[in-house]
Every structure is written in C-alpha cells, then in structure tokens.
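Let's take a walk through a protein model together. Have a look at the structure below, and then we'll go through it piece by piece.

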Amino acid sequence: MNRMTGCMTIGRLARRAGITARAARYYERIGLLTPATRTPSGYRLYTDTALERLAFIRRAQAQGLPLADIAVILATRDAGSAPCRETRALAELRLLEVNARITALQAARDSLKKLIERAEQVEETCAGAPGVCLAFNPS
C-alpha cells in the first residue's frame with residue numbers, strides 16, 4: 001500500500017487478488033478493470049475498489065462465465081443498474097452449453113466403453129489380421 005496516496009501498485013494488487021500482474025494489466029487493457037491512476041514515474045496505482053472488482057472477476061470465472069459475459073455484467077453495474085437480470089440470462093445460456101457438453105461427453109464415454117469391449121474381444125486375432133486394429137472395424 002502506498003502510504004502517500006492510499007493506493008496499491010499493480011504487483012501488490014495482483015498478489016492480494018491472487019492473480020499475476022500480467023493478468024491485471026490484461027483486464028485493464030480489455031476494459032474489465034478501470035484504468036489506474038499513474039504516478040509521475042508511470043507506476044499504476046489501484047484502490048480497494050479494483051481489488052473488489054478483481055475478486056468479482058475471479059468468482060465469476062470460477063462459476064464458468066467467460067470474460068465477455070463478465071464484461072456485460074460489469075458494464076451494467078458501471079452504468080448504475082443492478083446486473084442480476086443479465087447475470088441470470090448469461091448463466092442460463094452457459095448452463096445450456098454445459099448440458100450440451102455433458103451430453104457429448106457421455107456419448108464419447110459410451111463410445112470408448114464399446115471400443116474397450118471390442119478391443120478385448122478381438123485382441124487374440126488382431127495380430128494376424130489385416131489393417132491397423134480390428135477393434136475399430138464395425139462389428
């Protein structure tokens with residue numbers, strides 16, 4: 001904490017937020033973090049508000065929201081509105097995507113189980129058979 005201004009450098013902010021300074025600079029560059037004030041020597045100085053914002057970004061990412069969705073939520077709050085409606089809509093969309101991925105992963109799991117079974121069944125005859133692996137041949 002800078003005693004003269006009550007602000008943190010980017011390194012201290014990043015450590016307290018549990019991210020890298022590079023990530024903090026990136027969030028600033030893409031507009032998720034409000035640009036910092038700068039010292040005459042060019043150091044970025046951040047307040048506790050920036051730390052709170054970074055904590056929000058980390059929590060939102062942990063919930064599976066991409067940065068684009070987080071930007072929408074932050075922009076809504078920055079405009080003075082409560083972002084819960086947007087949060088809900090974005091979360092519902094992400095839930096649909098997760099469910100679709102789960103369905104695809106279940107299908108992949110089932111396919112791999114069948115491949116394992118076929119590989120066990122043809123293992124003894126595979127060495128002398130033409131082709132690469134009989135387990136991949138249709139049954």
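How many bridges join strand 1 to strand 3? Two of them do, and the two strands run antiparallel, with strand 3 covering residues 44-46. Keep in mind as you look around that this is a predicted model.

**The sheet**

Those two strands belong to an open sheet of three strands, in the order 1-3-2, and the pairing is antiparallel. Strand 1 (8-9) and strand 2 (37-38) sit at the edges with a single partner strand each, so one side of each has no neighbour in the sheet. Want a spot to zoom in on? Find Thr9, which stands opposite Leu45 in strand 3.

**The cores**

Now for the inside. In soluble globular proteins, nonpolar side chains tend to be buried together. Here, the largest nonpolar core has 22 residues, and Leu13 and Leu54 are the ones that touch the most other members. Four helices each supply at least two residues of this core. Here is where to find them:

| Helix supplying the core | Residues |
|---|---|
| Helix 1 | 10-17 |
| Helix 2 | 21-29 |
| Helix 3 | 48-62 |
| Helix 4 | 67-78 |

Which helix gives the largest share of this core? That's helix 3, with five residues.

Let's look at Leu54 a little more. Leaving out residues up to four places away in sequence, Leu54 touches Leu13, Ala17, Ile19, Tyr27 and Leu33. Another core, of five residues, lies apart from the largest one, and its members include Val122, Cys126, Ala129 and Leu134.

**Two helices side by side**

Next, find helix 4 and helix 5 (residues 84-126), which pack at an angle of about 170 degrees with their axes 10 Å apart. Angles over 145 degrees count as roughly antiparallel, and helix 4 and helix 5 are therefore roughly antiparallel to each other. On the helix 4 side, the contact is made by Asp69, Val72, Ile73 and Thr76, while helix 5 brings in Glu86, Thr87, Leu90 and Arg94. Sorted by class, this contact of helix 4 with helix 5 has three nonpolar, two polar and three charged residues.

**A glutamate to check**

Last stop: Glu28, which you'll find in helix 2. Is Glu28 buried or exposed? Its relative accessibility is 13%, and the cut-off for buried is under 20%, so Glu28 counts as buried. Setting aside neighbours within four places in sequence, Glu28 is in contact with Leu33, Thr34, Pro35, Ala36, Arg44 and Tyr46.

Methods
Residues are numbered from 1 along each chain as its sequence is written. This is a predicted model: local features need pLDDT of at least 70, side-chain atom pairs count only at pLDDT 80 or more; totals for chains, interfaces and linings use all residues. Side-chain values use heavy atoms; hydrogens and water are left out. Two strands pair if DSSP finds at least two bridges between them. A nonpolar core is a set of buried Ala, Val, Leu, Ile, Met, Phe, Trp, Tyr and Cys residues joined through side-chain atoms within 4.5 Å. Buried means under 20% relative accessible area, exposed over 50%, partly exposed in between (1.4 Å probe, protein chains only). Contact means heavy atoms within 4.5 Å. Axes are lines fitted to C-alpha atoms, for helices over the stretch in contact, and angles run from 0 to 180 degrees between N-to-C directions. Angles under 35 degrees count as roughly parallel, over 145 as roughly antiparallel, 65 to 115 as roughly perpendicular and the rest as oblique. Ala, Val, Leu, Ile, Met, Phe, Trp, Tyr, Cys and Pro count as nonpolar, Asp, Glu, Lys and Arg as charged, and the others, Gly among them, as polar.
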